[in-house]
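Work through the two exercises below with the sequence and the model side by side. Try each task before you read its solution.

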Amino acid sequence: MDLSLSEEQQQIVEMTREFAEREVKPIAAALDREARYPRELVERMAELGLLGIEVDPEYDGSGFDPLSYVLAMEEVSTACASTGVIMSVNNSLVCDPLVKFASEEQKQEWLRPLARGDKLGCFMLSEPNAGSDAAAQKTRAVRDGDSYVINGVKNWITNGPQADTGILLCMTAPERKHRGITAFIIDMNAEGVERGPKDDKLGIRASHSCQIFFTDHRVPVAQRLGEEGEGFKVAMSTLDCGRIGIAAQALGIGRAAFEFAAEYATTRTTFGKKIAEHQAVAFMLADMETELDAARWLTYRAAGQKARGQRHSKESAMAKLYASEAANKIAKNAIQVLGGNGYITEYPVERHYRDAKITEIYEGTSEIQRVVISSWILKGR
Ligand code: CAA
């Protein structure tokens, strides 16, 4: 297995590392403290081509491969996990299903502005009573002539407060259970779509999420994404890609916590020597870097499967499961290395710890990733 990066991939790393270091990192703590949406950074990501990384240039994207997306996500998330997830949702949960399932007319109208970053997208699957059990959709779309009328509520929608365009999953035929779910492209500023107040969250506070309410919202049939009843497959295959992005986000958070702790451990002294020279601390650092590398290779493997056009549900779930749990453990131990300084907001590791938690929850909890992985084992693969 060749793990070296191509020249183009190395350039992506350099470009996103410079952006992250110079423009994102200096304001990340303030963004978190103020729970402020980083509009200026989102505009810069659009200029740098980071909002439609894998979309073909024919549709105004950057035309890079899935590994380039992973590399960019890791760099941006190292500086600010909130900025990372804003980018991830637009790329994996919105552009990706449009690339895969939209008609040519839909791509021209909806994909182009999203890939350019002129518009921002959100993905509306979760509901108050349909989180892990994604098939339990209550939001209803009823066909009426050349349109559908939609009623229902969506929950915890990342980018919801700012999004111009949304991918919506809802029921068109409840009696058919998951086979009765259909996907739609939604104009988020249209009549009958309302946004609730932004959620007050533990971490990724600069990335905003909210409830979305649909009240007799009328969508033309031309905005149906795929066929009636295909929505569950649209959602699941979208999440196969999304989970690679969240694994990369977790890698970035874990790396930031590890690098800060490693640097701190070589400057702080106790009992007459640097704390890194105490085996208790040195072993923590050893475990952190080992776990980061393991998470990185799992994530690269999933991206490689995607690049080759192979099914990667199991590999994406393994990457997200491992990387998110590693990021949580690393951030927790980074606080331990810093001791009292790790617990105060003057140092960034408490933010990394709070930011890491969501990676074990969204786009499928760790328990759901284990369901996906074990189902493939039981299928003999
Ligand atoms: N690709 C294509 N099709 C798939 C698929 C995939 N990855 N996974 C399942 N399917 C198909 C199956 O083949 C099956 O098809 P048939 O009807 O033809 O047999 C069908 O879907 C049903 O599959 P399951 O029986 O496995 O479905 P299930 O109801 O048991 O659910 C689950 C499976 C894995 C638990 C799923 O519900 C799941 O992933 N839940 C978690 C949802 C989730 O990740 N939510 C995150 C919300 S988005 C978010 O978090 C965004 C954000 O804020 C950043």
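**Exercise 1: the shell around the ligand**

Helix 6 contributes seven residues to the shell around the ligand, the most of any element. The model is predicted, with local features needing pLDDT of at least 70 and side-chain atom pairs pLDDT 80 or more, while totals for chains, interfaces and linings use all residues. Residues are numbered from 1 along each chain as its sequence is written, and side-chain values use heavy atoms, without hydrogens and water.

Task: Find which helices and strands each supply at least two residues of the shell.

Solution. Begin with helix 4 (81–101) and strand 3 (147–158), then add helix 6 (231–265) and helix 10 (366–378); helices (H or I, at least four residues) and strands (E, at least two) are DSSP runs, numbered from the N terminus. Next, sort the shell by residue kind, which gives eleven nonpolar, eight polar and six charged residues.

**Exercise 2: polar contacts**

Task: State how far aspartate 240, arginine 311 and serine 313 lie from a nitrogen atom of the ligand.

Solution. For a polar contact (a pair of N or O atoms within 3.5 Å), take aspartate 240, whose side chain has an N or O atom 2.8 Å from a ligand nitrogen. For the side chain of arginine 311 the corresponding distance is 3.4 Å, and for a polar side-chain atom of serine 313 it is 3.3 Å.

Notes. Polar contact = N/O pair within 3.5 Å; in protein donor to acceptor, adjacent residues only side chain to side chain. Nonpolar A, V, L, I, M, F, W, Y, C, P; charged D, E, K, R; others polar.
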